[in-house]
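Please look over the sequence and the fold shown below before reading on. The report that comes after takes up the overall build, one helix and some charged pairs.

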Amino acid sequence: MQFAAVVSRSKIPTPASTSLLAKLVFSLQSLRSSNGPVLVSPSPSPSPPSGNCVFPRALGFDRAYHDGRPRGPLWRGKKLIGKEALFVILGLKRFKDDDEKLQKFIKTHVLRLLKMDMVAVLTELERQEEVSLAVKMFKVIQKQDWYKPDVYLYKDLIVALAKRKKMDEVMKLWEDMRKEDLYPDSQTYTEVIRGFLQAGSPADAMNIYEDMKKSPDLPEQLPFRILLKGLLPHPLLRNKVKQDFEEIFPEQRVYDPPEEIFGLR
């Protein structure tokens, strides 16, 4: 038998490898002795112990196939974006510094997209932090016949702008959102308040805070704590937020660091 010759010439001294080879020879002899067709499928048993024994994979057992596509969330996300949407994303990024060519590209290609493709382009531009292009895409969506006010479309775009510290554009979208009688969720309030505090505008942060108190949804703790931390250099504003926090969340406590640490005295 040729396979027996290969086995006899192999240099595998370990008893475990010899036992495994014997099992393989026995299984092959059993398959050859059967009269019907033979179907061999990968074994669900765990892979053999590591070492020099590579015969099972060489004989076709436990074979691993890979078609070259990326695995995981990256590929699943790409499949949700159609070819036309990908083409539009590349075109918008290509002409973003030339307003004339950009407007022409929007008229000839962007306006031809279906609803789901437009939303996919907007989401992908936000993910790539192309926030200026995302704002233009959102304005295109607002002019479509199928558009209906959606707080989540506003939310994702406002959060993306706030993280890039483009607070002027945040306020424009905020005003449009309020005109459409939409209230953001706690995450949106938190990111906008954080953005204004990082930009050195505590007054604007307080304006967003006052708007949050008018929201029909119950406030959460996170935006309060962001304000309490960011307003340490402004004790009067901080005391006001602290009083509101203790009234809304009576079981929670606010940590007050020594004032001399922050130079308040």
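What follows is a short report in three parts.

## Overall build

The model is a predicted one, and its chain holds 14 helices and zero strands. Of the 265 residues in the chain, 34% are buried, while the surface that the chain exposes comes to about 17,900 Å², with carbon and sulfur atoms supplying 55% of that area.

When contacts between residues at least 6 apart in sequence are considered, 55% of them join residues at least 24 apart.

## Helix α5 and its two sides

Helix α5 covers residues 83-94, and for its twelve residues a rise of 1.5 Å a residue predicts a span of 16 Å, which agrees with the 17 Å between its end C-alpha atoms. The residues A85, V88, I89, G91 and L92 of this helix are buried. Viewed down the axis of α5, the buried residues fall within an arc of 165°, so they line one face of the helix.

On the other side of α5 lie K83, L90 and R94, which are exposed. The cover over the buried residues of α5 includes α6 (99-108), α7 (115-127) and α8 (131-142).

## Salt bridges

Side chains of opposite charge can pair when their charged atoms come close. Across the whole structure, a search finds ten salt bridges, and one of them joins R127 to E124, with 2.6 Å between the closest N and O atoms. Both R127 and E124 belong to helix α7, where they are three residues apart, about one turn of the helix. R127 is exposed, at a relative accessible area of 55%, whereas E124 is buried, at 8%.

A salt bridge also forms between the side chains of K155 and D185, at 2.8 Å from N to O. This pair links distant parts of the chain, since K155 sits in helix α9 (residues 151-163) and D185 in the loop between α10 (167-179) and α11 (186-198), 30 residues apart. K155 counts as buried at 14% relative accessibility, and D185 counts as partly exposed at 27%. In another salt bridge, the closest N and O atoms of K213 and D244 are 3.3 Å apart; here too the pair links distant parts of the chain, with K213 in helix α12 (residues 202-213) and D244 in helix α14 (residues 235-248), 31 residues apart. K213 is partly exposed, with a relative accessible area of 37%, and D244 is buried, with 15%. K213 and D244 also belong to a network of salt bridges that links them with E210 and K240.

Notes: Residues numbered from 1 in each chain as written. Predicted model: local features only at pLDDT ≥ 70, side-chain atom pairs only at ≥ 80, totals over all residues. Heavy atoms only, no water. Helix = DSSP H or I, 4+ residues; strand = E, 2+ residues; numbered from the N terminus. Expected span 1.5 Å × (residues − 1). Buried < 20%, exposed > 50% of the residue type's maximum accessible area, 1.4 Å probe, protein only. Arc of directions from axis to C-beta. Contact = heavy atoms within 4.5 Å. Areas by Shrake-Rupley, 256 points an atom, 1.4 Å probe, with all protein chains shown as cover. Salt bridge = Lys/Arg side-chain N within 4 Å of Asp/Glu carboxyl O.
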